[in-house]
Amino acid sequence: MSLQFIFRGVRNWNWNWNYSYRMMSTTTTIMEPCKISPWLELPPPKFSAEAYDHKLYSLGEKKVVSIKKEAPPPPWAQGQVMHLGCTRGWMASFNKDKRQTFLSNPITGRHIRLPALPVSTSPYHIILTSSPHAHDCRAIITYYLSGRIALCFPGHSTTNWLPVCNQLHYLDITYSTRQKRLFCLTSDSVECWDLESPSFLWKIPLYEDDSIRRSSYPMYLVMDEHSDRLFLVIRNDLPFVGRDGSYVKSICGLGEDYPRKSLSLDVYEIDAKKGTIRYMEGSLDGLAMFVGANHSFALPAADLNLNPDSIYFVEDFDLQNYCVAEDGEIMFSSHDIGIFNYVDSKLSSIYYPSHPSQVSRIAPTFWFTPME
């Protein structure tokens with residue numbers, strides 16, 4: 001089925017996008033994009049949610065799309081806003097001045113206010129199980145530092161954050177729309193939860209057979225919604241590199257001038273039925289994986305003009321990425337953005353130059369896939 005959308009807040013733009021419809025329940029219709037490659041959400045010029053043009057870099061077409069904001073955001077979305085990342089076509093954000101968590105759609109300009117946080121910390125992840133307008137959509141949050149998980153129902157007129165899962169420190173989360181399962185990553189295992197009940201289903205240890213080495217490197221859970229496969233991606237990087245690309249030993253005060261640098265990434269497939277974790281040797285079965293802040297995912301590369309057997313990565317969310325001056329200028333960002341070819345282990349750049357000698361300070365970037 002071919003539909004034409006003319007988005008409010010976007011002048012002189014018509015996109016013909018093909019969507020496949022799949023009925024998930026009597027209350028929810030999920031629209032799944034089948035011919036849309038992800039965009040790189042380019043950061044705003046200032047650390048703020050004031051009106052500015054959204055700029056997105058299309059990976060498939062290799063060009064920048066500018067979307068003009070015709071109106072400022074609601075008052076509760078204005079001020080010093082920390083963008084966490086995108087989930088199912090929506091940007092998840094936290095207003096540090098007003099301690100307000102909210103969702104915004106870069107294309108339509110819509111904003112959805114989420115409940116006040118029951119704790120004094122900041123959110124770390126916010127992911128959606130479907131469109132936030134659906135009655136049974138869940139917004140799932142992990143809290144910064146504690147790593148605990150809670151959920152709310154954005155489509156309800158009255159809702160609060162409800163604690164779910166074990167009260168552990170979770171590093172990453174992802175959701176399967178087919179299975180209706182939440183997968184959670186701890187420092188030593190992967191858990192699976194049924195949020196309908198809610199109930200615990202299974203846990204797979206990560207280091208039981210020494211196939212995965214213990215490390216402090218960033219780890220991500222990646223769901224391929226097309227094949228319903230779950231992966232664990234481990235990012236091997238240097239915490240500080242100089243302008244010549246060489247490693248600099250960590251000492252106090254390095255952060256503002258010495259970015260992180262990814263060297264390689266390792267991928268493992270998690271088989272829930274067998275209870276096993278298998279290393280992906282030299283191939284990702286034609287998939288393109290996207291990892292970074294907030295929400296990681298995989299797509300069939302051949303259908304979307306993407307590099308097959310490759311991992312597209314952006315910098316992790318870290319409060320250090322939001323060090324700013326009083327006027328809103330960015331003071332620090334790791335600026336670790338690129339593509340890792342899983343076959344030949346080569347790194348290439350995306351939009352920004354990747355060599356440390358050309359790195360400039362920018363706000364964090366995110367992956368964005370239009371959904372509605």
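Two strands pair if DSSP finds at least two bridges between them. The legends below use this rule for a predicted model.

**Figure 1. The hairpin of strands E5 and E6 in the predicted model.**
Strand E5 covers residues 54–58 and strand E6 covers residues 63–67. Five bridges link E5 and E6, and the pairing is antiparallel. One of the bridges sets Leu56 opposite its partner in E6, Val65. Four residues lie between E5 and E6 in this hairpin. In the turn, Lys62 has a positive phi of about 55°.

**Figure 2. The whole protein, shown for orientation before the other close-ups.**
The protein has 28 strands and zero helices. Of its 372 residues, 54% count as buried. The exposed area of the protein is about 16700 Å², and 49% of this area comes from carbon and sulfur atoms. Among contacts between residues at least 6 apart in sequence, 49% join residues at least 24 apart. The average pLDDT is 79, and 74% of the residues score at least 70. Residues 1–34 have a pLDDT below 50, and in the model this stretch makes 86 contacts beyond near neighbours in sequence.

**Figure 3. The open sheet of strands E11, E12, E13 and E14.**
Four strands make up this sheet, in the order E11-E12-E13-E14, with antiparallel pairing. Which strands stand at the edges? They are E11 (123–128) and E14 (162–164). Each of these two has a single partner strand, so one of its sides has no neighbour in the sheet. From one strand to the next, the twist averages 30°. Within the sheet, E12 (residues 139–143) and E13 (residues 149–152) run antiparallel and are joined by four bridges. In one of these, Ala139 has Cys152 of E13 as its bridge partner. Strands of a sheet pair through backbone hydrogen bonds.

**Figure 4. The largest nonpolar core and the surroundings of Ile141.**
This core has 19 residues. Those with the most contacts inside the core are Leu103, Ile126, Ile141 and Trp161. At least two core residues come from each of strand E7 (81–87), strand E8 (90–95), E11, E12 and E13. Nonpolar side chains tend to be buried together in soluble globular proteins. Outside its neighbours within four places in sequence, Ile141 has contacts that include Leu117, Pro123, Ile126, Ile149 and Trp161. His125, Arg148 and Ala150 are also in contact with Ile141.

**Figure 5. Pro123 in strand E11.**
Pro123, one of the residues in contact with Ile141, is part of strand E11. Is Pro123 buried or exposed? Pro123 counts as buried because its relative accessibility is 0%, and the cut-off for buried is under 20%. Leu84 is 39 residues from Pro123 along the chain, and the C-alpha atoms of the two are separated by 8.1 Å.

**Figure 6. The nine-stranded open sheet.**
The strands follow the order E22-E21-E20-E19-E24-E23-E25-E26-E27, and the pairing is mixed. Strand E22 (276–279) and strand E27 (347–348) are at the edges. Each has a single partner strand, so one side of each lacks a neighbour in the sheet. E19 (residues 219–224) and E24 (residues 297–300) run parallel and are joined by two bridges. Asp224 has Ala298 of E24 as its bridge partner.

**Figure 7. Ser349 in the loop between E27 and E28.**
The loop that holds Ser349 runs between E27 and strand E28 (366–368). Ser349 has a relative accessible area of 40% and is therefore partly exposed. From Ser349 to Gly338 the C-alpha to C-alpha distance is 4.4 Å, with 11 residues of separation in sequence.

**Figure 8. Three loops with backbone features at Pro198, Arg99 and Asp285.**
Most residues other than glycine have a negative phi, and most peptide bonds are trans. Ser197 and Pro198 are joined by a cis peptide bond, with omega about -15°. Pro198 lies in the loop between strand E17 (189–194) and strand E18 (199–205). Arg99 has a positive phi near 50° and sits in the loop between E8 and strand E9 (100–104). With 35% relative accessibility, Arg99 counts as partly exposed. Asp285 also has a positive phi, near 55°. The loop between E22 and strand E23 (287–291) contains Asp285. Asp285 is partly exposed, as its relative accessible area is 47%.

How values were computed: Residues numbered from 1 in each chain as written. Predicted model: local features only at pLDDT ≥ 70, side-chain atom pairs only at ≥ 80, totals over all residues. Heavy atoms only, no water. Axes fitted to C-alpha atoms, helices over the stretch in contact; angles between N-to-C directions. Core = buried A, V, L, I, M, F, W, Y, C linked by side-chain atoms within 4.5 Å. Buried < 20%, exposed > 50% of the residue type's maximum accessible area, 1.4 Å probe, protein only. Contact = heavy atoms within 4.5 Å. pLDDT = per-residue confidence, 0-100. Areas by Shrake-Rupley, 256 points an atom, 1.4 Å probe, with all protein chains shown as cover.
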